Every structure is written in C-alpha cells, then in structure tokens.
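The following paragraphs guide the reader through a protein structure, from its overall composition to selected details. The sequence and the model are shown first.

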Amino acid sequence: MRSGGIWPIVVALLLAAGAILVSPLGSWAQAPAVKVTRLSDTVHMLRGRGGNIAVSVGVDGVVMIDDQFAPASKIIADAIAAIDDRPLRFVVNTHWHGDHTGGNKAFTALGATIVAHDNVRAEMIGRWFKDANGAFVASDALPTITFNDRISFHLNGETVEIVKVPASHTDGDAIVHFTGSNVLHMGDVFFNGLYTFFDGSSGGRFSGMIEALEVGLAVAGPETRIVPGHGALATRADLEWHLGHLKVIRERTLAAIAEGQSVGDFIASKPTRDLEEAFDGDYKVMAAEKFLRFVYVSLKADN
Ligand SMILES: [Zn+2]
C-alpha cells in the first residue's frame, strides 16, 4: 500500500512529524523536557516529547527502549548520563514511528546497536523522518539486528524478553518485559487513559490492538509497573480497564455495522458518550470522532 498513491505518503509524513500523535505540542513545549522515574534498581522511565522511554542501567551498560524525536536526542542522552554514565549498548524500537525511532541516528553515533522486529526495519526503509534540524530525511539509522518472533537480552542482572504481538498499532509492534525488575514496556499498543491510535497504513488493526493488549495482560502481574507508549506510568489494573473499554467499543461498533449503519451515522450517534471521561486523560491525543472512524473502518475491513 505504501506506493499506492499520495495518501500513504502524507500519513507517513504526518506520523514522522508526530502531527497526528502529538497535536498538543504547545502544552508539551512548556513541560519539563524529560521526567525520569525510577522503577527498579536498574530500570527507569523517561517521559518527554515523544513516546515514553525505558532504560536499563547497570554493570552491562545502558539499554534503551525507544528513543523519541531526533531534536530531543541531546536532552535524552544527558538525562540518561545523569542516571548512569556507562556506555550505551542497545536501543530497542517497539515500532517504526518517528516519535519512537527518531533518535536512532544520534544514539547509534553514541555506540548503540538498534534492535527491532523484522517489519520495523522494512517499514522504515523508504519512509521519511525528521532530523535533528527538523528537516525530513530518509532514515539512515535502521535496526541492524532484527527478530521475527521474540528475542531475549541477558544483562544488568535480569532477562529482558521482547515479544512480537499481533499487528495492532502497526505490523511490527513488540512489548518488552524486564522480568527481574517486573516492568513491562507496551509501546504504542497501550495509550494509558487516552484514545488509542492504530496506523492502517502499516498494518494496524483495532482487533489486533485488543489481542495485543491481552498478551500484555497475560505477561503482567498485579505488581508489574507498565510503561505505556504514551500517557502516565500504569498498573495492570489500568491496562485491564483500558482493554475492557476497547472491548465495549468493539461490541458497539460491530453491532452498528451489523445493523447497516454508515460510518457517518455511527459517529453521529455518539456511541462512546458514556466513556468520554475515561478516554480523556491529561491531554487528548485523538478526538472521539477520528478514533471511531478508525475503529469502524478497521472492523468493517475484518468482516
Ligand atoms: Zn506509534
């Protein structure tokens, strides 16, 4: 589909720019650049202007999960060095979007090897990303190690399991479980307290999102600390609650499709009115209308 016309390219450009995912840039500009939260002796969460980052630090060096936008690389590198100044060894990309991979070039220059699912590398080839100066360029920092199902790291005193989940946000999503630290990074499969988004231009599916959240739920225990792709640090209960809401929305959408409602009538009926508050977190990534259109189109395509 990527070469099928102008729209996939426009969508990719908007995604690379973060324009769809991060429309309230104004409010982020005033926020502290990077907020660090310690989750265990080794694992920390970093929140900034793109997707949430997790880092593992310790005797074996530094490993990052996702690396946000290129213009933020220096601030992020400084924040990590302030936690632990040992060498950066690996960056794992949970998926290809520019707000999770934009720092690949800068962190490769610092010595990191980029690791991701096979489809992440394939999706990045031919896409355009914002460089450190804000110009659009083809990615020149692709993953050099890719996996097709799962891969494990054994470092900093624990096993870190990276597992591909069903095509959901994209066709290359993986979740990352720090087994000893009891921390789970869900990538953009999980937007905590926010309208979720899936990228139909690269294989994203709403039903896949529900399946992928179920994989995360099976991995998480009651005390697991969950790093969502966007939104605040979460618990297993938050994940379960979010999944429950998406299932309600799926049921209602499938019922509307079965009744023969058009997408316009479905949206006009405000089918998630009673759930609005639940999906209106500290900032709104996506309006209900846009979200419902994605859900309807994706579920209709499945049937
Ligand atoms: Zn994403």
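Of the 303 residues of the protein chain, 46% count as buried. The model discussed here is a predicted one. Its secondary structure consists of 10 helices and 14 strands. Among the contacts between residues at least 6 apart in sequence, 67% join residues at least 24 apart.

A suitable place to begin is strand β4, which spans residues 61-65. Four of its five residues are buried, and therefore the strand is largely enclosed by the rest of the structure. Strand β4 has pairings with β3 and with β5. Strand β3, covering residues 53-58, runs antiparallel to β4 and is joined to it by five bridges. Within this pairing, V57 stands opposite V62 of β4. The two strands β3 and β4 form a hairpin, with two residues between them.

The pairing of β4 with strand β5, residues 88-92, is parallel and extends over four bridges. Here M64 stands opposite V91 of β5. To pass from β4 to β5, the chain goes through helix α3, residues 73-83, and the resulting β-α-β crossover is right-handed.

The loop between β4 and α3 contains a residue of particular interest, D66. Most residues other than glycine have a negative phi. D66 is not a glycine, yet its phi is positive, at about 70°. Is D66 buried or exposed? There are 30 C-beta neighbours inside 10 Å of D66, and the threshold for a buried residue is 20 or more, so D66 counts as buried.

N182 also has a positive phi, of about 60°, although it is not a glycine. This residue is found in the loop between β12 (174-178) and β13 (183-185). N182 has 17 other C-beta atoms within 10 Å and is therefore partly exposed.

The strands β12 and β13 that flank this loop belong to an open sheet of five strands. The order of the sheet is β10-β11-β12-β13-β14, and its pairing is mixed. At the edges stand β10 (150-155) and β14 (225-227). Each of these edge strands has a single partner strand, so one side of each is left without a neighbour in the sheet. On average, neighbouring strands of this sheet are turned by 15° against each other, with direction ignored. At one edge, β10 runs antiparallel to strand β11, residues 158-164, and six bridges join the two. One of the residue pairs in this arrangement is F153 with its bridge partner V160 in β11.

The final topic is the packing of two helices. Two packed helices are described by the angle between their axes and the distance between the axes. The axes of helix α7 (residues 206-219) and helix α8 (residues 236-258) come within 10 Å and cross at roughly 155°. An angle over 145° counts as roughly antiparallel, and α7 is therefore roughly antiparallel to α8. The crossing in which α7 passes α8 is left-handed. Which residues make the contact between α7 and α8? On the side of α7, they are F206, M209, I210, L213, E214, G216 and L217. On the side of α8, the contact is made by R236, L239, E240, H242, L243, L246, K247 and R250.

Conventions. Residues are numbered from 1 along each chain as its sequence is written. This is a predicted model: local features need pLDDT of at least 70, side-chain atom pairs count only at pLDDT 80 or more; totals for chains, interfaces and linings use all residues. A residue is buried if 20 or more other C-beta atoms lie within 10 Å of its own, exposed if 12 or fewer, and partly exposed in between; C-beta atoms are placed from the backbone. Two strands pair if DSSP finds at least two bridges between them. A crossover is right-handed if, with the strands pointing away from the viewer, the path from the first strand over the helix to the second runs clockwise. Axes are lines fitted to C-alpha atoms, for helices over the stretch in contact, and angles run from 0 to 180 degrees between N-to-C directions. Angles under 35 degrees count as roughly parallel, over 145 as roughly antiparallel, 65 to 115 as roughly perpendicular and the rest as oblique. A crossing is left-handed if the near helix is turned anticlockwise from the far one by less than a right angle, and right-handed if clockwise. Two residues are in contact if their C-beta atoms, placed from the backbone, lie within 7 Å.
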